[in-house]
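Subject: The structure you asked for

Hi,

Here is the structure, with my notes underneath. Have it open while you read, since I jump around the chain a bit.

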Amino acid sequence: MNDQLARALDDLRRKWVPDPRQGVFDVTVEGHRLSGYTTSREALVELRRLGGEASLAVEATLLPDASVDDGGAAVVTVAVAPLLLQPGVNAPRVSEALHGEPLAVLQRREDWLRVRGGDGYLGWTHAGYVSIGSIEWLEDWLARATARSLGCELELQGARLRLPIGARLAARRDGAVEAADGRLARVTGGIVRPLIELHAEARLIAPPELARRWFGGAPYAWGGRTEWGLDCSGLAQAIYAARGVALPRDSDQQFDVGVEIPLASLGAGYHAGDLLFFAEEGRVGHVAMWAGAGRIVHATLSRGGVVTEELFGDVPRLQRLRDHLVGVRRMERR
């Protein structure tokens, strides 16, 4: 591939699919043709124009492609489904989808599915983690799955299933719940709450306090979203989801939403729950939650998980963290 063609492909990617976490532009030159996949119809149109100008056949495919057939929707049926960078059990985990959550299926490679989560995040997951069906089937499930787990345990057909905080279930009037695979279950531990009640209760508790109650001591896990392991942005996303505020998946994406709060040397003007963003080499890579009185709650690998710390303490690690603070955002108006 000559340099001019390589630059043209890169320009298309940056124009139409600037963030590979939320879109696909996997296009390469193979002999005398351009081949690959993209989620952008506009990119495909320009790719065909580019191919014509370069006298190259264009065999790029728009996702979702024919491998999906009519099953363009999926629902997670296990407790937690990993979303991976590539199709393979050894691939890095980039995020997770919880029981009952919907996934849009973009592509199938044998038993591996390229999917898009409800937060727009892309990844690969194994077909064994999900049920697949039509959009109408998915809409029916989402209309009924209006309850959320608060660390519940289910007994269903002689088996037990533990679900993380935030997992979706369909509650029945007789007290039973329906799991995402259609099985009826009895709640034997933990709590299942109607979503409307969960939102109301969560809004009565300051976000950092809710984070401590639900996730305090949870281990750090890159790509994690549950009390069994989560990362800094997964913590922020989970807490605000409980309050009815949808946040993007990663810290740099979260930095682009909400209301900007002026930086203050000792946190003057910050409210409990404001998100503090930290960057290295010009890129936001960490988020923490302001807890008041100089304290933050965050998931950090340096402490092994979710902890409360004194941001303005004399610990060298926290001094370095303060030096990298680049912004504060308020994710809901009060």
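Let's begin with Phe277, which is buried, since its relative accessibility is 0% and anything under 20% counts as buried. Before I go on, please keep in mind that this is a predicted model.

**Aromatic rings**

Phe277 has a ring partner in Phe255, and I'll come to that pair in a moment. Searching the whole structure turns up 4 aromatic pairs. One of them is Trp214 with Phe215: the ring centres are 6.3 Å apart and the planes sit at 75°, so this pair is edge-to-face. Trp214 and Phe215 are both buried.

Now back to Phe255 and Phe277, whose pair is tilted, with 5.1 Å from centre to centre and 55° between the planes. This pair links distant parts of the chain, 22 residues apart: Phe255 is in the loop between helix 7 (251-254) and strand 18 (259-261), while Phe277 belongs to strand 19 (residues 275-280). Is Phe255 buried or exposed? Neither label quite fits, because its relative accessible area of 23% makes it partly exposed.

There is also an aromatic cluster, made up of Tyr270, Trp290 and Phe312.

**Helix 5 and Leu210**

Leu210 is a residue of helix 5 (residues 207-215). With a relative accessible area of 2%, Leu210 is buried. Which residues does Leu210 touch, leaving out those up to four places away in sequence? They are Ala202, Ile205, Phe215, Ile239 and Ala242. You'll recognise Phe215 from the edge-to-face pair with Trp214. Leu210 and Tyr240 are 30 residues apart along the chain, and their C-alpha atoms are separated by 9.8 Å.

**The largest pocket**

The largest pocket holds about 630 Å³ of space. How many residues line it? The count is 33, and those nearest the centre of the pocket are Glu101, Arg168, Arg225, Gln237 and Ala241. Several elements each supply at least two residues of the lining: strand 6 (93-98), strand 7 (102-109), strand 11, helix 4 (195-203), helix 5 and helix 6 (232-242). Helix 6 gives the most, with 5 residues. So helix 5, where Leu210 lies, also has a share in the lining because it is one of the elements supplying at least two residues.

**Strands 11, 14 and 15**

Strand 11 (residues 147-156), one of the pocket elements, is joined to strand 15 (residues 184-194) by 7 bridges, and the two run antiparallel. If you want a spot to look at, Ser149 has Val192 in strand 15 as its bridge partner.

Strand 15 is also joined to strand 14 (residues 177-178), again in antiparallel fashion, by 2 bridges. Here Glu178 is bridged to Leu184 of strand 15. The hairpin formed by strand 14 and strand 15 has 5 residues between the strands, and Gly182 there takes a positive phi near 95°.

**Cysteines**

How many disulfides are there? The count is 0, using a cut-off of 2.5 Å between cysteine sulfur atoms. As for where two of the cysteines sit, Cys152 is buried, with a relative accessible area of 1%. Cys232 is buried as well, at 7%.

Cheers

Notes
Residues numbered from 1 in each chain as written. Predicted model: local features only at pLDDT ≥ 70, side-chain atom pairs only at ≥ 80, totals over all residues. Heavy atoms only, no water. Buried < 20%, exposed > 50% of the residue type's maximum accessible area, 1.4 Å probe, protein only. Pairing = 2+ DSSP bridges. Helix = DSSP H or I, 4+ residues; strand = E, 2+ residues; numbered from the N terminus. Contact = heavy atoms within 4.5 Å. Phe/Tyr/Trp six-rings, centres within 6.5 Å; stacked < 30°, edge-to-face > 60°. 1 Å grid on protein atoms, 1.4 Å probe; cavity = no way out; pocket = protein on both sides within 12 Å on 5 of 7 lines; lining within 4 Å. Points joined across faces, edges and corners; volume = space filled by probe spheres on them.
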